[in-house]
Structure formats: structure tokens, C-alpha cells
Amino acid sequence: PDYTADPITGGGTTGAMANNQSFNVTNLFYYNNILHDVLYTHGFDEVARNFQSDNFGRGGAGNDFLLGEAQDGSGTNNANMSTPADGGSGRMQMYIWTQTSPQRDGDVDNGIIAHELGHGVSNRLMGSSTNQTGCVSNGEHAGEGISDYIGLMTTQDWAVANINTGLVGRGIGTFALGQATTGVGIRSQRYSTDLAINNKKYQASLPTAVHDRGEHWCMAAWEATWAIIQQSGTIKSNIYFDGSSTGGNVVAMRIAMQAMKLVPCGAGFLDHRDGWLKADTLLYGGTYSCAIWKAFQKRGMGFFALQGSSSSAGDQTPDETAASQSNITTGVTSIPAGQNMTYTVTASTCSGTAITGYEMRSTLPANVTFVSATNGGVFSAGVVRWPVSMAANGTFTAQVTITVNANAFPGNVVTQNCLFE
């Protein structure tokens, strides 16, 4: 391709128009196929209602290959993606960008291509468990941010990245505007884990303009990605998931894709945050829970943040309180009726912030009798309570002994554990 020539007129350069057009059309086809394969490995497959001509009997509705329209003449300085229900082909319309001389073709800005396909991904994955459509149209939807995130993840040069690369600012649509890759592009700020470069946080009133609002979600997801990478300490040189990948970038991408399958139709930002936490538990046993909490806490979606109605962008409560966790381990698989069982409860902070004035509660079921509790635990009205204060990154541990009542079975001994401020 000749980037000094206009993608439509050729700019007077012999053969430039034909060469550019051929290359640009090919790139749109090629990169969409690459995206299909990458995202397939992370769960955007036939059952998840992907875009595929032949589903090979693996579920979902086939014959819905993606229609990519290069140099679509129906608009300029934009692109769009329409996503019908499974079985109907998605339509990606790519436009010429006229704000530079020569003009630029969106068909060779891979970040824009990935962003547009991202709309198809979020619209198909959200609601996939119940075969719903129209799940990304509510007042607090994060669709534009999800698309930016997929664009960042699939265009990052992972082969040269290190655990601190998240500090480097990344723009969206820089080629389309004739900017260097270090430019701001079509967003208000570059995406970076450095608050001095990108200060987007969850707000009491989020922008109603979808692209502006999307920047807030994408930044939180980008923050969480680099928190996972730093915990993992490793980066895979490409974003494909191969079943044995432990690179933090692959882990984050898997979590992000799985989260979309777990959130409710019409999800808001905190639904998506909780989707990341649930996906981490499902895929990695909660290994990255603290890293995810820290990232969202930094971006205003901490432990006490409130979403309000996901249909509104103006009723949120941001919060940067450190998250805490409670867990239970029993050390036994079963116990005969009439015998004692001892289990351990733990609480831990998810940040470098100390917490004071909390209370751990363990609610016992009716089919057991309380015997004792360590570390200052007091039993009353079916609940064991402990006062909890922890230093930064601290852990609180206690044990409870109960007797399994003679008539407890059939049934399980299930305790509920919570940490309250």
C-alpha cells in the first residue's frame, strides 16, 4: 500500500488507488478472520452465538458469517457494526476518514476493526445463556468500552510488552487520524494505568454519550488487565488461549470474555465488575480476586460502590474502599451425625489499606450445635461473631467447632460467612 496516496482517488500516483483498495479490502477480510480465531479460543464459539458460516454441529445457529464492507460510501469518519440475532449475519461498515491529507481508510486501522467486531461480541455474549438479544442498549451499558478493550487487547504488541507496559498510553483510531501510535486518537485520553495520563473513574453521573461513557469502563478493564499481569508476572507473546496459557494477558482476556456470559442482560458497570470476579472464580478459583478488586477500587468501583439502576447513567455511587474477603475451609469431606466438626474462617484485605471496625459473622444452620470458637468468637442466636481489624494486606483466622445433630441428615452442614463494616 502507498499511504502517501489517497485511498479513493489515488492522489495522482499511478496505480496507487487500485493497489491501496486491494490491500485495504484484503486487510479487512484478513483481520476479521484473525479476530474470529483469537476470540474463538477465549469462548466466542458456536454455542456462544459467534459469526460463522458452518457451525459443524457444535451448537448455535450457523449461516451467519460476518459481512465486512470495505470503503462503504454511506458515511465518513466513523464505522459501525449491526448485530442481528444468532443465525443472521453481522454487518460491519468501514468508512473513509477525511480529516487528514491524504485521507485515511478505516479498513487498515486494526484497532477500529477490532472495536467494531467487539460490538458483535458483546451483543452476542451478553444474554447468550438465555438466548436473549438487545442486552447492550440500557442507560449504563458498557458496550463502547468493551469494544475499545477488545481493540486494545488484540492490537497490543505482547511480544515486546512487560509487566509495566500498562503505564504507556494507548490511543484508539490513531491511524485514522494520521497520528503516531502514541497519539490520543478518537478518544479524550489515552488508556494508561497512570492516573496522570488517564484519570477516568466511576462517577455519580456517567456521560450519557456512549463513547464517552465507554472510556470509563474500558479504563477499568484495562487497569484490571495489568493488575492480573503484574500478579502473574508473565505475558504470553500472543493473545491466543491454548489451554495451558498462564500469561497474565491471556488470563485477563479469558476472564473478560467469560464475564460477558455471566452478567445479566442490560448490565451496568458494577454488574460487569462482579462478572470479572465471578469469571475469575469459575476459571481460576479466585486466584486473581485481589488484583481485580484493587484495579476496580482504583477506578472508583470499590467495595461500597453502588450501581443504582443499570438503566440510568446518573444514579451511581462511586467508592474507593478496599475490598475484603471471607472464606471457609472444613478440612473434612463428611462427618457422622453426633460428632464434632471444626472449620476455619478467614478474612483478608485486598489492598495495602488497613481496616478497622469490621465484624466477621458465621451463621450456623439449624442442624448443628455450637461448641466453641477461637480468637475471641462469641456465639449468640445462631451466629458466631468476631471483631476484626487488619493491617494492610493482613489476614484474620479463627476456628469454629460444632456438633452435627443426630437428626441432621439427609442434608448438608452449610454455614454462611460475611464480613461487615
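# A quick tour of one fold

Let's start with a twist in a bond: the torsion about the S-S bond joining cysteine 135 and cysteine 265 is about -100°, so this disulfide is left-handed. Keep in mind as you look around that this is a predicted model. From the disulfide we'll move on to a sheet of three strands, then to helix α4, which packs with α3 and with α7, and finally to some strand pairs and backbone oddities.

**The disulfide**

- How many disulfides does the structure hold? There is one.
- In that bond, the sulfur atoms of cysteine 135 and cysteine 265 sit 2.0 Å apart.
- Cysteine 135 is in the loop between α2 and α3, while cysteine 265 is in the loop between α5 (248–262) and α6 (269–284), so the bond ties together parts that lie 130 residues apart in sequence.

**A sheet of three strands**

- Strands in a sheet pair up through backbone hydrogen bonds, and they can do so parallel or antiparallel.
- Here you'll find an open sheet with the strand order β1-β3-β2 and mixed pairing.
- Why is one side of β1 and of β2 left without a neighbour in the sheet? β1 (67–69) and β2 (79–82) stand at the edges and have a single partner strand each, so one side of each has no sheet neighbour.
- Going from one strand to the next, the twist averages 10°.
- β1 and β3 run parallel and are joined by three bridges; one of the pairs to look for is glutamate 69 with its bridge partner in β3, glutamine 93.
- β2 pairs with β3 (residues 91–94) in the antiparallel sense, over four bridges.
- To trace that antiparallel pairing yourself, find serine 82 and its bridge partner in β3, arginine 91, then alanine 79 and its partner in β3, methionine 94.
- Helix α2 (residues 110–125) packs on this sheet and touches β2 and β3, with its direction making about 25° with that of β2.

**Helix α4 and helix α3**

- How do α3 and α4 meet? The axes of α3 (residues 143–155) and α4 (residues 210–232) come within 6 Å and cross at roughly 45°.
- That angle makes α3 oblique to α4.
- The crossing of these two helices, α3 and α4, is right-handed.
- On the α3 side, the contact includes Ile146, Tyr149, Leu152 and Met153, and among the α4 residues they meet as a group are Val210, Trp217, Cys218 and Trp222.
- Sort the residues of the α3–α4 contact by class and you get nine nonpolar, four polar and two charged.

**Helix α4 and helix α7**

- α4 also packs with α7 (residues 289–298), at an angle of about 145° and with the axes 8 Å apart.
- The crossing of α4 and α7 is right-handed.
- The α4 side of this contact includes Trp217, Ala220, Ala224 and Ile228, and the α7 side includes Ala291, Ile292, Ala295 and Phe296.
- By class, the contact of α4 with α7 has nine nonpolar residues, one polar and two charged.
- If you're hunting for a link between the two contacts, check Trp217 of α4: it is listed where α4 meets α3 and where α4 meets α7.

**Strand β11 and its partners**

- β8 (residues 355–363) and β11 (residues 383–390) run antiparallel and are joined by seven bridges; within this pairing, glutamate 359 has proline 387 of β11 as its bridge partner.
- β11 also pairs with β10 (residues 378–380), in the antiparallel sense and over three bridges; here serine 380 has valine 383 of β11 as its bridge partner.
- β10 and β11 form a hairpin with two residues between them.

**Backbone oddities**

- As background, most residues other than glycine have a negative phi, and most peptide bonds are trans.
- In the turn of the β10–β11 hairpin, alanine 381 has a positive phi of about 55°.
- Asparagine 77 isn't a glycine either, yet its phi is positive, at about 55°; you'll find asparagine 77 in the loop between β1 and β2.
- Is the peptide bond from serine 101 to proline 102 cis or trans? It is cis, with omega near 0°.
- Proline 102 is in the loop between β4 (96–97) and β5 (104–105).

Methods: Residues are numbered from 1 along each chain as its sequence is written. This is a predicted model: local features need pLDDT of at least 70, side-chain atom pairs count only at pLDDT 80 or more; totals for chains, interfaces and linings use all residues. Side-chain values use heavy atoms; hydrogens and water are left out. Two strands pair if DSSP finds at least two bridges between them. Axes are lines fitted to C-alpha atoms, for helices over the stretch in contact, and angles run from 0 to 180 degrees between N-to-C directions. Contact means heavy atoms within 4.5 Å. Angles under 35 degrees count as roughly parallel, over 145 as roughly antiparallel, 65 to 115 as roughly perpendicular and the rest as oblique. A crossing is left-handed if the near helix is turned anticlockwise from the far one by less than a right angle, and right-handed if clockwise. Ala, Val, Leu, Ile, Met, Phe, Trp, Tyr, Cys and Pro count as nonpolar, Asp, Glu, Lys and Arg as charged, and the others, Gly among them, as polar. A disulfide is a pair of cysteine sulfur atoms within 2.5 Å.
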